[in-house]
Amino acid sequence: PDISAAAATSLAGAPARTVATQLAELTRVQLLTEPTYRRYACHDLLRVYAATLAEHEESTAERSAAVRRGLDHYLHTAYRAARLRHPTRQRFVPAEPAAGVVPEPLADAAEALAWFTTEHQVLLAAVPHAAASGHDRHAYQLAWCLTDYLDWRGHWHDWASVQRIAIEAAERMGDPVAQVLALRGMAGSQVRRGDYDSAYALLARALVLLDGPATARERAEVHLNLSVVRGRQGRFAEALRHAERCLELWRATGDEAGEGHALEAVAWAHLLLGNPEQALRHGRRSLAHARRRGNREAEAASWETLGRAHLELGEHAEALTCHQNALALCRALGNRYFEARALDHLGDTYDRKGSPLTARQHWAEALAILDELGHPEAAQLRGKLRDAE
């Protein structure tokens, strides 16, 4: 729908000052508009005319180079934005951008979220365009970069759409690690929509693709995802086995951040199995890992697990503190689904504590978020509110 000055500069492959002068001139003569500061758009008829000119007056090589520069701009900016939002997430190393590419200068997680929000529709279009134009690596890597943003903001159908393209692109590349990343992304979107059987099948495919010590990290990530899925399916003993296997693999790689995630998964599985003391033990270690690494997402998950464990042990004050900490972190991260979960658990805690009115207020707030996201768990929470009347 529109383009930033930096993206236009990358597309043109020209000096930023030259492109700025051209954009200003095109805007002055009303061939472009500037709907927001330093973002440019044009009328649909002018867009078609410009595309026709490009087709007839520029060579195939020139057009291909421009597409590559544009995709490089979005990939390298999205990669930086994804890393700012989630610094410890498993990652690849994108290829060097083409000459003339100018990524956006994002400074922090807040700027990264603002950029993803502004470029949402552009990025959703970039993934299929990359695949259609023969840039399969850009397609799967852009989809990876979008994962946390689309998940945390509840755009799960968009998430599934780009991951479907990413799977096809990775298969064409014949790269098993790329295929695993894409399969895990698609499985994550299925989990959010409550289709746990499909998610498990995708993760089982991913595990088959991985073999040997060189892929220990990737296998650990898949076992972590499988633990989540089995937990959601009510197969708690299997969830614990996958979490413990994940922990073994992370320890073998010497990755402290991964070990922290695995400890949280082990803690959660113990909680599901009715072992709150074990959950507290592993959850505290997971929390220490997360804080040491500055991983706020992992810290929020650890607080949630600790809160549930304290609640099961009848320690209401401790449970409230934990869930309040989780809620504050989820709001700071912009993770809407986990914000709803934290509110739901706070409601449970207030209910057990003998404060039914406060409990209903938190459940109602959580329900509003789940309804906004179109999440299947909204029905369960709606039933909880009816029962509490």
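**Strand pairing, helix packing and aromatic contacts**

Strands β2 and β3 (residues 39–41) pair in the antiparallel sense, over two bridges. This pairing is described from a predicted model. Across it, Thr-36 stands opposite Arg-39 in β3. Both strands belong to an open sheet of three strands. The order of the sheet is β1-β3-β2, and its pairing is antiparallel. β1 (3–4) and β2 (33–36) are the edge strands, each pairing on one side only. Strands of a sheet pair through backbone hydrogen bonds, in either a parallel or an antiparallel sense.

Helix α5 spans residues 109–118. Its buried residues are Ala-109, Ala-112, Leu-113, Trp-115 and Phe-116. Viewed down the axis of α5, these residues fall within an arc of 160 degrees, so they line one face of the helix. The buried residues of α5 pack against four helices: α4 (60–85), α6 (120–132), α7 (136–152) and α15 (296–312). The N-terminal end of α5 is capped by Asp-108. Here a side-chain oxygen of Asp-108 lies 3.2 Å from the backbone nitrogen of Ala-110.

Two of the buried α5 residues, Trp-115 and Phe-116, also take part in an aromatic cluster. Tyr-149 joins Trp-115 and Phe-116 in this one cluster. The count of aromatic pairs, taken by ring centres within 6.5 Å, comes to five. For Tyr-337 and Phe-338, the ring centres are 5.1 Å apart and the planes stand at 70 degrees, so the pair is edge-to-face. Edge-to-face requires planes over 60 degrees apart. Tyr-337 has a relative accessible area of 1% and is buried.

A further ring contact involves a charge. The charged end of Arg-230 sits over the ring of Tyr-200. The distance from that charged end to the ring centre is 3.6 Å.

His-282 lies in helix α14 (residues 276–293). Its relative accessible area is 8%, so His-282 is buried; the cut-off for burial is under 20%. Which residues are in contact with His-282, leaving aside its neighbours within four places in sequence? They are Leu-263, Val-266, Ala-267 and His-270.

Methods:
Residues are numbered from 1 along each chain as its sequence is written. This is a predicted model: local features need pLDDT of at least 70, side-chain atom pairs count only at pLDDT 80 or more; totals for chains, interfaces and linings use all residues. Side-chain values use heavy atoms; hydrogens and water are left out. Buried means under 20% relative accessible area, exposed over 50%, partly exposed in between (1.4 Å probe, protein chains only). The arc is that of the directions from the helix axis to the C-beta atoms. Contact means heavy atoms within 4.5 Å. A polar contact is a pair of N or O atoms within 3.5 Å; within protein, one must be able to donate a hydrogen and the other to accept it, and residues adjacent in sequence count only if both atoms are side-chain atoms. Rings of Phe, Tyr and Trp (its six-membered ring) pair if their centres lie within 6.5 Å; planes under 30 degrees apart count as stacked, over 60 as edge-to-face and the rest as tilted. A charge sits over a ring if NZ of Lys or CZ of Arg is within 6 Å of the ring centre and within 35 degrees of the ring normal. Two strands pair if DSSP finds at least two bridges between them.
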